[in-house]
Amino acid sequence: MGSWTQVGHRARAVLVGVVSVALAATSWVWLQAPALAGSAIASMPQTNAVDTTPRVVDDARVREAGVFELHQVGPTMFAGGRFHTVLNATRTVTYHRWNLFSFNATSGSLTSWAPVVNGGVYAMESSHDGRYLYVGGSFSTFAGVPVNGLVKFDLKRGKVDKRFHSPVAAGRISDLQIVGSRLFVSGNFPGGIVALDPAKGTRRKYLSAVKVTGAEPGYSTRVYRFAVNPAGTRMVVIGSFTAVGKSPRRQAAMIRLGSTASVSPWFSTRWNETCSPTRMWYTRDVDWAPDGSYFAIVTTGAAFPRTAKLCDTITRWNPVETGNQQPVWINRSGGDTFHSVAVTNLAVFAGGHFRWLDNPLGSDTKGPGAVDRLGLGAVSPTTGRALSWNPTKSVEGGLGAFDLYFTTRGLWVGHFERYLGTGPHGRELHEGLGLLPSGPRWN
(Lines give C-alpha, C1' and ligand atoms only; values in the text may rest on other atoms or scores of the structure.)
Protein backbone atom coordinates (compact mmCIF):
# COMPACT_ATOMS: atom_id res chain seq x y z
CA MET A 1 0.00 0.00 0.00
CA GLY A 2 1.12 3.55 -0.67
CA SER A 3 1.24 6.38 1.82
CA TRP A 4 0.02 9.91 2.16
CA THR A 5 1.45 13.06 3.63
CA GLN A 6 -0.76 15.69 5.23
CA VAL A 7 -0.08 18.74 3.16
CA GLY A 8 -1.73 21.10 0.74
CA HIS A 9 -3.76 24.25 0.23
CA ARG A 10 -6.92 24.04 2.35
CA ALA A 11 -5.98 20.55 3.50
CA ARG A 12 -5.28 18.89 0.20
CA ALA A 13 -2.99 15.89 0.45
CA VAL A 14 -0.14 15.05 -1.86
CA LEU A 15 -0.71 11.50 -3.05
CA VAL A 16 2.51 9.53 -3.03
CA GLY A 17 2.15 7.09 -5.88
CA VAL A 18 2.86 6.68 -9.57
CA VAL A 19 1.12 8.71 -12.27
CA SER A 20 1.06 8.01 -15.97
CA VAL A 21 -0.62 10.42 -18.47
CA ALA A 22 2.66 10.51 -20.34
CA LEU A 23 3.99 11.67 -17.00
CA ALA A 24 5.70 8.61 -15.54
CA ALA A 25 5.48 4.83 -15.51
CA THR A 26 2.22 2.97 -15.96
CA SER A 27 2.12 1.03 -12.68
CA TRP A 28 -0.55 1.97 -10.17
CA VAL A 29 -0.74 2.08 -6.40
CA TRP A 30 -3.88 2.40 -4.27
CA LEU A 31 -3.44 5.09 -1.63
CA GLN A 32 -5.12 6.03 1.59
CA ALA A 33 -7.63 8.86 1.57
CA PRO A 34 -6.16 12.36 1.91
CA ALA A 35 -6.35 14.40 5.08
CA LEU A 36 -8.98 17.12 5.16
CA ALA A 37 -7.36 20.13 6.77
CA GLY A 38 -4.27 21.88 8.00
CA SER A 39 -0.57 21.47 7.36
CA ALA A 40 1.78 20.39 10.14
CA ILE A 41 5.28 21.75 9.55
CA ALA A 42 8.47 21.45 11.61
CA SER A 43 10.02 24.78 10.60
CA MET A 44 9.27 27.89 8.62
CA PRO A 45 9.97 27.74 4.87
CA GLN A 46 13.19 29.24 3.64
CA THR A 47 12.97 32.62 1.93
CA ASN A 48 15.22 31.78 -1.03
CA ALA A 49 13.08 30.07 -3.69
CA VAL A 50 14.48 27.02 -5.51
CA ASP A 51 15.83 27.61 -9.01
CA THR A 52 14.33 24.65 -10.87
CA THR A 53 10.64 25.56 -11.16
CA PRO A 54 8.96 26.46 -14.48
CA ARG A 55 7.96 30.02 -15.33
CA VAL A 56 4.49 31.18 -16.32
CA VAL A 57 4.86 34.35 -18.37
CA ASP A 58 2.76 37.00 -20.06
CA ASP A 59 2.44 36.95 -23.83
CA ALA A 60 0.38 38.61 -26.56
CA ARG A 61 -2.60 36.34 -25.83
CA VAL A 62 -2.60 36.58 -22.02
CA ARG A 63 -1.38 39.92 -20.77
CA GLU A 64 -1.54 39.03 -17.06
CA ALA A 65 -0.66 35.36 -16.81
CA GLY A 66 -0.44 33.39 -13.60
CA VAL A 67 -1.39 30.38 -11.52
CA PHE A 68 -4.58 30.09 -9.47
CA GLU A 69 -4.16 26.51 -8.24
CA LEU A 70 -1.45 23.90 -7.66
CA HIS A 71 -2.05 20.23 -6.93
CA GLN A 72 0.46 17.38 -6.67
CA VAL A 73 -0.21 13.71 -7.46
CA GLY A 74 2.76 11.40 -6.98
CA PRO A 75 5.87 13.03 -8.46
CA THR A 76 3.84 15.33 -10.69
CA MET A 77 2.71 18.87 -9.93
CA PHE A 78 -0.27 20.25 -11.83
CA ALA A 79 -0.61 24.02 -12.30
CA GLY A 80 -3.84 25.66 -13.39
CA GLY A 81 -4.64 29.28 -14.03
CA ARG A 82 -4.77 31.73 -16.88
CA PHE A 83 -1.82 31.51 -19.28
CA HIS A 84 -0.59 30.43 -22.70
CA THR A 85 3.20 30.45 -22.45
CA VAL A 86 5.38 28.49 -20.02
CA LEU A 87 9.19 28.54 -19.94
CA ASN A 88 11.59 26.09 -18.40
CA ALA A 89 13.56 27.17 -15.34
CA THR A 90 16.48 28.52 -17.35
CA ARG A 91 14.18 30.35 -19.80
CA THR A 92 15.74 28.51 -22.75
CA VAL A 93 12.72 26.46 -23.87
CA THR A 94 9.23 27.78 -24.58
CA TYR A 95 6.10 25.65 -24.21
CA HIS A 96 2.54 26.51 -25.23
CA ARG A 97 0.09 25.40 -22.56
CA TRP A 98 -3.57 26.37 -22.40
CA ASN A 99 -4.38 27.25 -18.77
CA LEU A 100 -3.13 23.91 -17.42
CA PHE A 101 0.17 22.02 -17.43
CA SER A 102 2.17 19.55 -15.37
CA PHE A 103 5.79 19.13 -14.39
CA ASN A 104 8.04 17.01 -12.23
CA ALA A 105 7.85 18.51 -8.73
CA THR A 106 11.52 17.73 -8.03
CA SER A 107 13.32 18.51 -11.28
CA GLY A 108 10.89 21.12 -12.59
CA SER A 109 10.88 19.59 -16.08
CA LEU A 110 7.60 19.90 -17.95
CA THR A 111 5.73 16.81 -19.10
CA SER A 112 4.34 16.44 -22.61
CA TRP A 113 0.77 16.72 -21.28
CA ALA A 114 -0.85 19.70 -22.98
CA PRO A 115 -4.67 19.60 -22.97
CA VAL A 116 -6.30 22.59 -24.63
CA VAL A 117 -8.54 24.19 -21.99
CA ASN A 118 -10.58 27.12 -23.32
CA GLY A 119 -10.99 28.97 -20.02
CA GLY A 120 -9.34 29.61 -16.68
CA VAL A 121 -8.57 26.76 -14.26
CA TYR A 122 -9.37 27.62 -10.62
CA ALA A 123 -9.61 24.33 -8.72
CA MET A 124 -8.19 20.81 -8.75
CA GLU A 125 -8.67 17.69 -6.65
CA SER A 126 -7.47 14.11 -7.04
CA SER A 127 -9.31 10.89 -6.28
CA HIS A 128 -8.36 8.95 -3.17
CA ASP A 129 -6.28 6.51 -5.22
CA GLY A 130 -4.62 9.26 -7.25
CA ARG A 131 -5.87 7.89 -10.57
CA TYR A 132 -8.25 10.74 -11.44
CA LEU A 133 -7.77 14.49 -11.48
CA TYR A 134 -10.86 16.66 -11.18
CA VAL A 135 -10.38 20.08 -12.76
CA GLY A 136 -12.78 23.01 -12.33
CA GLY A 137 -12.91 26.45 -13.86
CA SER A 138 -14.59 28.70 -16.41
CA PHE A 139 -14.03 26.45 -19.44
CA SER A 140 -16.51 24.70 -21.74
CA THR A 141 -14.12 22.35 -23.57
CA PHE A 142 -11.23 20.28 -22.24
CA ALA A 143 -8.92 18.50 -24.67
CA GLY A 144 -11.65 18.78 -27.32
CA VAL A 145 -14.37 17.32 -25.08
CA PRO A 146 -17.41 19.53 -24.27
CA VAL A 147 -17.70 19.86 -20.48
CA ASN A 148 -19.60 21.96 -17.96
CA GLY A 149 -16.72 23.74 -16.20
CA LEU A 150 -15.76 20.48 -14.47
CA VAL A 151 -13.89 17.49 -15.83
CA LYS A 152 -12.66 14.16 -14.50
CA PHE A 153 -9.38 13.25 -16.17
CA ASP A 154 -8.07 9.68 -16.07
CA LEU A 155 -4.35 10.03 -15.36
CA LYS A 156 -3.70 6.34 -15.99
CA ARG A 157 -5.34 6.22 -19.42
CA GLY A 158 -4.47 9.81 -20.34
CA LYS A 159 -7.92 11.00 -21.36
CA VAL A 160 -11.14 12.58 -20.13
CA ASP A 161 -13.46 10.16 -18.34
CA LYS A 162 -16.63 10.59 -20.42
CA ARG A 163 -18.69 8.61 -17.92
CA PHE A 164 -18.53 11.65 -15.62
CA HIS A 165 -21.02 14.43 -16.39
CA SER A 166 -21.40 17.44 -14.10
CA PRO A 167 -25.06 18.48 -13.80
CA VAL A 168 -24.15 22.02 -12.67
CA ALA A 169 -24.41 24.87 -15.15
CA ALA A 170 -21.80 27.17 -13.64
CA GLY A 171 -20.16 30.40 -14.70
CA ARG A 172 -17.12 29.18 -12.80
CA ILE A 173 -16.21 26.22 -10.62
CA SER A 174 -13.96 27.75 -7.97
CA ASP A 175 -13.34 25.00 -5.39
CA LEU A 176 -13.33 21.21 -5.20
CA GLN A 177 -12.79 18.63 -2.48
CA ILE A 178 -13.56 14.97 -2.02
CA VAL A 179 -14.95 14.42 1.47
CA GLY A 180 -15.58 10.75 2.18
CA SER A 181 -17.55 9.39 -0.76
CA ARG A 182 -18.73 12.77 -2.02
CA LEU A 183 -17.19 15.35 -4.34
CA PHE A 184 -18.01 18.82 -3.02
CA VAL A 185 -18.12 21.44 -5.77
CA SER A 186 -18.58 25.18 -5.32
CA GLY A 187 -18.76 28.18 -7.62
CA ASN A 188 -20.99 30.68 -9.40
CA PHE A 189 -24.27 28.82 -9.77
CA PRO A 190 -27.65 28.67 -8.00
CA GLY A 191 -27.13 27.17 -4.55
CA GLY A 192 -23.39 27.85 -4.64
CA ILE A 193 -22.30 24.37 -3.52
CA VAL A 194 -23.29 20.82 -4.40
CA ALA A 195 -22.32 17.23 -3.59
CA LEU A 196 -21.67 14.95 -6.56
CA ASP A 197 -20.96 11.27 -7.06
CA PRO A 198 -17.20 11.18 -7.82
CA ALA A 199 -17.70 8.29 -10.24
CA LYS A 200 -20.31 9.69 -12.61
CA GLY A 201 -21.02 13.24 -11.45
CA THR A 202 -24.60 12.52 -10.42
CA ARG A 203 -26.00 15.14 -8.05
CA ARG A 204 -26.53 13.93 -4.50
CA LYS A 205 -28.99 15.45 -2.05
CA TYR A 206 -26.51 15.75 0.82
CA LEU A 207 -26.03 19.55 0.64
CA SER A 208 -29.54 20.41 -0.54
CA ALA A 209 -30.51 21.87 2.87
CA VAL A 210 -27.51 24.21 2.96
CA LYS A 211 -27.73 25.89 -0.43
CA VAL A 212 -26.78 29.55 -0.42
CA THR A 213 -29.14 32.21 -1.73
CA GLY A 214 -29.03 35.94 -2.32
CA ALA A 215 -25.94 37.88 -3.31
CA GLU A 216 -23.94 40.93 -2.36
CA PRO A 217 -24.59 44.00 -4.55
CA GLY A 218 -22.70 43.76 -7.81
CA TYR A 219 -22.12 39.99 -7.60
CA SER A 220 -23.95 36.80 -8.42
CA THR A 221 -24.66 34.09 -5.85
CA ARG A 222 -21.59 32.00 -5.17
CA VAL A 223 -19.59 29.92 -2.74
CA TYR A 224 -16.11 31.02 -3.73
CA ARG A 225 -14.14 28.73 -1.45
CA PHE A 226 -14.77 26.32 1.40
CA ALA A 227 -12.71 24.38 3.93
CA VAL A 228 -13.48 21.18 5.86
CA ASN A 229 -12.02 20.57 9.33
CA PRO A 230 -9.68 17.60 10.00
CA ALA A 231 -12.45 15.54 11.58
CA GLY A 232 -14.71 16.04 8.56
CA THR A 233 -17.50 17.35 10.80
CA ARG A 234 -17.54 21.08 9.96
CA MET A 235 -17.23 23.08 6.77
CA VAL A 236 -16.81 26.84 6.46
CA VAL A 237 -18.07 28.43 3.24
CA ILE A 238 -17.27 31.95 2.04
CA GLY A 239 -18.65 33.94 -0.87
CA SER A 240 -21.43 36.19 -2.09
CA PHE A 241 -24.68 35.19 -0.36
CA THR A 242 -27.19 36.47 2.20
CA ALA A 243 -28.57 33.17 3.49
CA VAL A 244 -27.55 29.54 3.90
CA GLY A 245 -30.49 27.17 3.95
CA LYS A 246 -33.14 29.17 5.77
CA SER A 247 -30.66 30.97 8.03
CA PRO A 248 -29.53 34.56 7.39
CA ARG A 249 -25.79 34.52 6.72
CA ARG A 250 -23.52 36.89 4.81
CA GLN A 251 -19.99 36.42 3.50
CA ALA A 252 -19.19 33.41 5.75
CA ALA A 253 -21.03 30.52 7.37
CA MET A 254 -20.31 27.22 9.09
CA ILE A 255 -22.04 23.98 8.10
CA ARG A 256 -22.31 20.82 10.19
CA LEU A 257 -21.43 17.62 8.34
CA GLY A 258 -23.00 14.46 9.69
CA SER A 259 -25.44 11.92 8.34
CA THR A 260 -27.11 15.04 6.93
CA ALA A 261 -25.72 18.53 6.42
CA SER A 262 -27.18 21.45 8.40
CA VAL A 263 -26.43 25.10 9.07
CA SER A 264 -24.47 25.70 12.27
CA PRO A 265 -25.67 28.37 14.72
CA TRP A 266 -22.24 29.98 14.24
CA PHE A 267 -22.41 33.43 12.68
CA SER A 268 -20.90 36.87 13.04
CA THR A 269 -22.60 40.20 12.38
CA ARG A 270 -19.16 41.55 11.52
CA TRP A 271 -19.69 40.08 8.05
CA ASN A 272 -22.77 42.27 7.61
CA GLU A 273 -20.54 45.34 7.39
CA THR A 274 -19.92 46.69 3.90
CA CYS A 275 -16.54 47.52 2.38
CA SER A 276 -15.78 49.46 -0.78
CA PRO A 277 -18.79 49.99 -3.11
CA THR A 278 -16.88 47.95 -5.69
CA ARG A 279 -16.02 45.19 -3.17
CA MET A 280 -19.31 44.43 -1.44
CA TRP A 281 -18.35 40.74 -1.41
CA TYR A 282 -14.90 40.59 0.15
CA THR A 283 -14.18 37.17 1.75
CA ARG A 284 -11.42 35.53 -0.30
CA ASP A 285 -10.05 32.39 1.38
CA VAL A 286 -10.46 30.17 4.44
CA ASP A 287 -8.43 27.39 6.07
CA TRP A 288 -8.56 25.31 9.26
CA ALA A 289 -5.80 24.74 11.79
CA PRO A 290 -4.26 21.23 11.65
CA ASP A 291 -5.93 20.32 14.95
CA GLY A 292 -9.29 21.82 13.99
CA SER A 293 -9.29 24.24 16.93
CA TYR A 294 -9.85 27.33 14.78
CA PHE A 295 -10.07 28.61 11.23
CA ALA A 296 -8.79 31.75 9.53
CA ILE A 297 -10.39 33.94 6.86
CA VAL A 298 -8.73 36.55 4.63
CA THR A 299 -10.43 39.39 2.76
CA THR A 300 -10.20 42.24 0.30
CA GLY A 301 -12.30 45.44 0.41
CA ALA A 302 -10.18 48.63 1.01
CA ALA A 303 -8.91 50.30 4.18
CA PHE A 304 -11.27 51.43 6.94
CA PRO A 305 -9.05 52.37 9.89
CA ARG A 306 -10.67 52.83 13.30
CA THR A 307 -13.78 50.89 12.26
CA ALA A 308 -15.13 47.39 12.96
CA LYS A 309 -15.05 46.47 9.28
CA LEU A 310 -13.11 43.31 8.37
CA CYS A 311 -11.94 44.60 5.00
CA ASP A 312 -8.37 43.72 3.96
CA THR A 313 -7.76 41.55 7.03
CA ILE A 314 -6.62 38.19 8.32
CA THR A 315 -8.88 36.98 11.14
CA ARG A 316 -8.95 33.97 13.46
CA TRP A 317 -12.30 32.42 14.52
CA ASN A 318 -13.40 29.83 17.05
CA PRO A 319 -15.67 27.10 15.58
CA VAL A 320 -18.23 27.16 18.38
CA GLU A 321 -21.89 26.25 17.99
CA THR A 322 -23.21 29.64 19.08
CA GLY A 323 -23.98 32.87 17.28
CA ASN A 324 -22.77 36.47 17.35
CA GLN A 325 -19.09 35.50 17.18
CA GLN A 326 -16.15 37.90 17.21
CA PRO A 327 -12.69 37.26 15.77
CA VAL A 328 -10.03 36.16 18.25
CA TRP A 329 -7.62 38.57 16.57
CA ILE A 330 -7.40 40.77 13.48
CA ASN A 331 -4.38 41.67 11.38
CA ARG A 332 -4.88 44.52 8.90
CA SER A 333 -2.91 45.35 5.77
CA GLY A 334 -4.05 48.95 5.64
CA GLY A 335 -5.89 48.76 2.36
CA ASP A 336 -4.41 45.89 0.33
CA THR A 337 -5.95 42.56 -0.65
CA PHE A 338 -5.37 39.11 0.81
CA HIS A 339 -6.20 36.33 -1.68
CA SER A 340 -4.99 33.18 0.08
CA VAL A 341 -4.45 31.71 3.53
CA ALA A 342 -2.79 28.50 4.74
CA VAL A 343 -2.94 27.64 8.44
CA THR A 344 -0.17 25.54 9.98
CA ASN A 345 0.85 24.66 13.52
CA LEU A 346 3.59 27.33 13.44
CA ALA A 347 2.00 30.21 11.56
CA VAL A 348 -0.94 31.52 9.58
CA PHE A 349 0.45 32.22 6.11
CA ALA A 350 -1.21 34.77 3.82
CA GLY A 351 -0.72 35.76 0.19
CA GLY A 352 -2.07 38.57 -1.94
CA HIS A 353 -0.89 41.94 -3.17
CA PHE A 354 -0.48 43.61 0.21
CA ARG A 355 2.49 45.72 1.25
CA TRP A 356 2.24 45.67 5.04
CA LEU A 357 0.98 43.71 8.05
CA ASP A 358 0.20 45.00 11.57
CA ASN A 359 -1.22 48.11 9.89
CA PRO A 360 -4.54 48.99 11.57
CA LEU A 361 -4.11 52.74 11.12
CA GLY A 362 -2.88 52.71 7.53
CA SER A 363 -5.02 53.70 4.56
CA ASP A 364 -2.93 52.78 1.51
CA THR A 365 -0.08 54.01 3.68
CA LYS A 366 2.30 52.50 6.20
CA GLY A 367 0.74 53.43 9.52
CA PRO A 368 2.31 53.48 12.99
CA GLY A 369 3.71 50.08 13.97
CA ALA A 370 3.24 48.51 10.53
CA VAL A 371 5.85 46.12 9.13
CA ASP A 372 6.85 45.66 5.49
CA ARG A 373 5.56 42.38 4.06
CA LEU A 374 5.35 42.38 0.28
CA GLY A 375 2.83 39.92 -1.16
CA LEU A 376 3.54 37.17 1.39
CA GLY A 377 3.56 37.09 5.17
CA ALA A 378 2.97 34.99 8.25
CA VAL A 379 1.36 35.83 11.58
CA SER A 380 1.36 34.17 14.96
CA PRO A 381 -1.60 31.80 15.49
CA THR A 382 -1.77 32.99 19.10
CA THR A 383 -1.40 36.77 18.88
CA GLY A 384 -2.14 37.48 15.24
CA ARG A 385 0.96 39.67 15.03
CA ALA A 386 3.35 39.47 12.09
CA LEU A 387 6.25 37.04 12.40
CA SER A 388 9.75 37.85 11.17
CA TRP A 389 9.41 35.51 8.14
CA ASN A 390 9.63 37.80 5.11
CA PRO A 391 10.47 36.21 1.71
CA THR A 392 8.73 38.99 -0.32
CA LYS A 393 6.77 38.55 -3.56
CA SER A 394 6.48 41.40 -6.03
CA VAL A 395 3.07 43.04 -6.50
CA GLU A 396 3.63 44.95 -9.74
CA GLY A 397 0.72 43.28 -11.54
CA GLY A 398 -1.77 44.05 -8.80
CA LEU A 399 -3.31 40.56 -8.73
CA GLY A 400 -1.16 38.76 -6.17
CA ALA A 401 -0.79 35.25 -4.76
CA PHE A 402 -3.88 33.05 -5.07
CA ASP A 403 -2.55 29.73 -3.82
CA LEU A 404 -0.35 28.70 -0.88
CA TYR A 405 0.26 24.97 -1.13
CA PHE A 406 2.41 22.99 1.30
CA THR A 407 4.12 19.74 0.32
CA THR A 408 6.99 17.85 1.90
CA ARG A 409 9.36 20.02 -0.16
CA GLY A 410 8.08 23.29 1.24
CA LEU A 411 5.63 26.07 0.40
CA TRP A 412 4.55 26.37 -3.23
CA VAL A 413 3.15 29.74 -4.26
CA GLY A 414 0.84 30.26 -7.24
CA HIS A 415 0.79 33.92 -8.23
CA PHE A 416 0.54 36.47 -11.06
CA GLU A 417 3.71 38.50 -10.68
CA ARG A 418 7.38 38.09 -11.61
CA TYR A 419 9.43 37.96 -8.41
CA LEU A 420 9.33 35.57 -5.46
CA GLY A 421 11.77 35.18 -2.59
CA THR A 422 15.14 36.68 -1.82
CA GLY A 423 18.46 35.11 -2.84
CA PRO A 424 22.10 36.01 -2.26
CA HIS A 425 21.85 38.78 -4.84
CA GLY A 426 18.41 40.14 -3.92
CA ARG A 427 14.98 39.33 -5.24
CA GLU A 428 14.64 36.55 -7.81
CA LEU A 429 12.57 35.96 -10.94
CA HIS A 430 10.04 33.18 -10.42
CA GLU A 431 7.15 34.14 -12.68
CA GLY A 432 3.75 32.66 -11.92
CA LEU A 433 4.84 30.05 -9.39
CA GLY A 434 7.70 29.10 -7.11
CA LEU A 435 8.79 26.94 -4.20
CA LEU A 436 10.07 28.22 -0.88
CA PRO A 437 11.85 25.08 0.35
CA SER A 438 11.38 23.49 3.72
CA GLY A 439 14.01 23.65 6.42
CA PRO A 440 16.09 20.67 7.61
CA ARG A 441 13.53 19.66 10.27
CA TRP A 442 10.49 19.32 8.01
CA ASN A 443 8.10 16.54 9.00
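**Exercise 1. Two residues with positive phi**

Where is the place of T392? Then describe its backbone and accessibility, and do likewise for D358.

*Solution.* The model is predicted.

Step 1. Locate T392. The residue sits in the loop between β34 (376–379) and β35 (401–407).

Step 2. Check the backbone. Phi of T392 is positive, about 70 degrees, although T392 is not a glycine.

Step 3. Judge accessibility. Buried means under 20% relative accessible area. T392 has 22% relative accessibility, so T392 counts as partly exposed.

Step 4. Turn to D358. This residue is in the loop between β32 (356–357) and β33 (371–372). Its phi is near 50 degrees, again a positive value in a residue other than glycine. The relative accessible area of D358 is 9%, so D358 is buried.

**Exercise 2. Salt bridges**

Find which parts of the chain the pairs R55–E431 and D285–R225 tie together. Then examine K366 and D372.

*Solution.* Side chains of opposite charge can pair when their charged atoms come close.

Step 1. Start with the total. The model has 16 salt bridges.

Step 2. Take R55 and E431. Their closest N and O atoms are 2.8 Å apart. R55 belongs to strand β3 (residues 55–57). E431 belongs to the loop between β38 (426–429) and β39 (433–437). The pair therefore ties together parts that are 376 residues apart in sequence. Both R55 and E431 are buried.

Step 3. Take D285 and R225. Here the closest N and O atoms lie 3.4 Å apart. D285 is in strand β26 (residues 283–288), and R225 is in strand β20 (residues 222–228), so this salt bridge links parts 60 residues apart in sequence. D285 is buried, as is R225.

Step 4. Take K366 and D372. The closest N and O atoms of this salt bridge are 3.2 Å apart. K366 is partly exposed, at 44% relative accessible area. D372 is also partly exposed, at 42%.

Step 5. Look for shared partners. R55, R91 and E431 are joined into one network by salt bridges that share partners.

**Exercise 3. An open sheet**

Give the strand order of the open sheet of 4 strands, and identify its edges.

*Solution.* Strands of a sheet pair through backbone hydrogen bonds, either parallel or antiparallel.

Step 1. Write the order. The strands run β20-β21-β24-β25, with antiparallel pairing.

Step 2. Find the edges. β20 and β25 (261–263) each have a single partner strand, so one side of each lacks a neighbour in the sheet.

Step 3. Add the twist. From one strand to the next, the twist averages 30 degrees.

Step 4. Inspect one pairing. Strand β24 (residues 252–257) is joined to β25 by 3 bridges, and the two run antiparallel. R256 stands opposite S262 in β25.

Step 5. Link back to Exercise 2. R225, the salt-bridge partner of D285, lies in β20, and β20 is an edge strand of this sheet.

**Exercise 4. The largest pocket**

State the volume of the largest pocket and sort its lining by class.

*Solution.*

Step 1. Volume first. The largest pocket holds about 390 Å³ of space.

Step 2. Then the centre. The pocket is lined by 21 residues, and R279, R284, H339, L399 and F402 are the closest to its centre.

Step 3. Then the classes. The lining has 8 nonpolar, 7 polar and 6 charged residues.

**Exercise 5. Placing Y95**

Name the strand of Y95 and give its C-alpha separation from S112.

*Solution.*

Step 1. Y95 is part of strand β7 (residues 94–96).

Step 2. Y95 is partly exposed, with a relative accessible area of 22%.

Step 3. Y95 and S112 are 17 residues apart along the chain, and their C-alpha atoms are separated by 9.5 Å.

How values were computed. Residues numbered from 1 in each chain as written. Predicted model: local features only at pLDDT ≥ 70, side-chain atom pairs only at ≥ 80, totals over all residues. Heavy atoms only, no water. Salt bridge = Lys/Arg side-chain N within 4 Å of Asp/Glu carboxyl O. Buried < 20%, exposed > 50% of the residue type's maximum accessible area, 1.4 Å probe, protein only. Pairing = 2+ DSSP bridges. Axes fitted to C-alpha atoms, helices over the stretch in contact; angles between N-to-C directions. 1 Å grid on protein atoms, 1.4 Å probe; cavity = no way out; pocket = protein on both sides within 12 Å on 5 of 7 lines; lining within 4 Å. Points joined across faces, edges and corners; volume = space filled by probe spheres on them. Nonpolar A, V, L, I, M, F, W, Y, C, P; charged D, E, K, R; others polar.
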